Amino acid sequence: YLAALGKSGLKQVALNCHHKAHYAADRLAALPGVTINPASRPFFKEFVATLPKPVAEINHVLAERHGIIGGHDLARDYPDREGQMLIAVTEMATRADIDRFADGMRDALR
């Protein structure tokens, strides 16, 4: 994949990841009760969102109502990180995908 992209293609993929991840973080930060963990900044394509509800509950709603696989529940690996979701955004995500995820998160947070 990387060889096929070439030098300029790899740079474009990296820029796409960066811009899409920051767009996603901005969309989520606009939701009530959601903050982007300051320790996540600066970031490339992964960031941590602190949520007002348990991540497992939010991921359940995302999956059942929206067919979306949510972010990683950090409390599964780090008990002191309850309510924190690791979110990764790649070049494969479209703006519509990100908007759908943010809308699903809004629904799950109600």
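**A walk from alanine 93 to the core**

Let's start at alanine 93, which is buried because its relative accessible area of 16% falls under 20%. Keep in mind as you look around that this is a predicted model. Alanine 93 sits in the loop between β4 and α3. Leaving out residues up to four places away in sequence, alanine 93 touches Lys20 and Ile98. Try tracing the chain onward to aspartate 103: the two residues are 10 apart in sequence, and their C-alpha atoms are 15 Å apart in space.

That path takes you into α3, which covers residues 95-108. What span should you expect for this helix? With 14 residues at 1.5 Å a residue, α3 should span 20 Å, and its end C-alpha atoms are indeed 20 Å apart, so expectation and model agree. Several α3 residues are buried: Ile98, Phe101, Ala102, Gly104, Met105, Asp107 and Ala108. They pack against α1, α2 and β4.

Now turn to α1, residues 2-29, where the same kind of check gives another result. A straight helix of 28 residues would span 40 Å, yet the end C-alpha atoms of α1 span only 32 Å. Where does α1 bend? Look at serine 8, where the helix bends by about 85°. The buried residues of α1 are Gly9, Val13, Cys17, Ala21, Tyr23, Ala24, Ala25 and Leu28. Their cover includes β1 (35-36), β2 (46-50), β4 (84-88) and the α3 helix you have just visited.

Leu28 is a good guide to the interior. Setting aside its neighbours within four places in sequence, leucine 28 is in contact with Val34, Ile36, Phe47, Ile87, Phe101, Ala102 and Met105. Which residues have the most contacts inside the largest nonpolar core? They are Leu28, Phe47 and Met105, in a core of 27 residues. At least two residues of this core come from each of α1, β2, α2 (55-66), β4 and α3.

Finally, let's look at the open space. The largest pocket holds about 320 Å³. Its lining is made up of 17 residues, and the closest to its centre are Ile68, Ile69, Ile87, Ala88 and Phe101. The elements giving two or more residues to this lining are β4 and α3, with α3 giving the most, four residues. Two of the names here should be familiar: Ile87 and Phe101 are also among the contacts of leucine 28. Phe101 is also one of the buried residues of α3, the helix that follows the loop where alanine 93 has its place.

Methods: Residues are numbered from 1 along each chain as its sequence is written. This is a predicted model: local features need pLDDT of at least 70, side-chain atom pairs count only at pLDDT 80 or more; totals for chains, interfaces and linings use all residues. Side-chain values use heavy atoms; hydrogens and water are left out. The expected span of a helix is 1.5 Å times one less than its number of residues. The bend at a residue is the angle between axes fitted to the seven residues ending there and the seven starting there. Buried means under 20% relative accessible area, exposed over 50%, partly exposed in between (1.4 Å probe, protein chains only). Contact means heavy atoms within 4.5 Å. A nonpolar core is a set of buried Ala, Val, Leu, Ile, Met, Phe, Trp, Tyr and Cys residues joined through side-chain atoms within 4.5 Å. On a 1 Å grid over the protein atoms alone, a cavity is a set of points where a 1.4 Å probe fits but cannot get out, and a pocket is an open set with protein on both sides within 12 Å along at least five of seven lines; lining residues have an atom within 4 Å of a point. Grid points are joined across faces, edges and corners, and a volume is the space filled by probe spheres set on the points.
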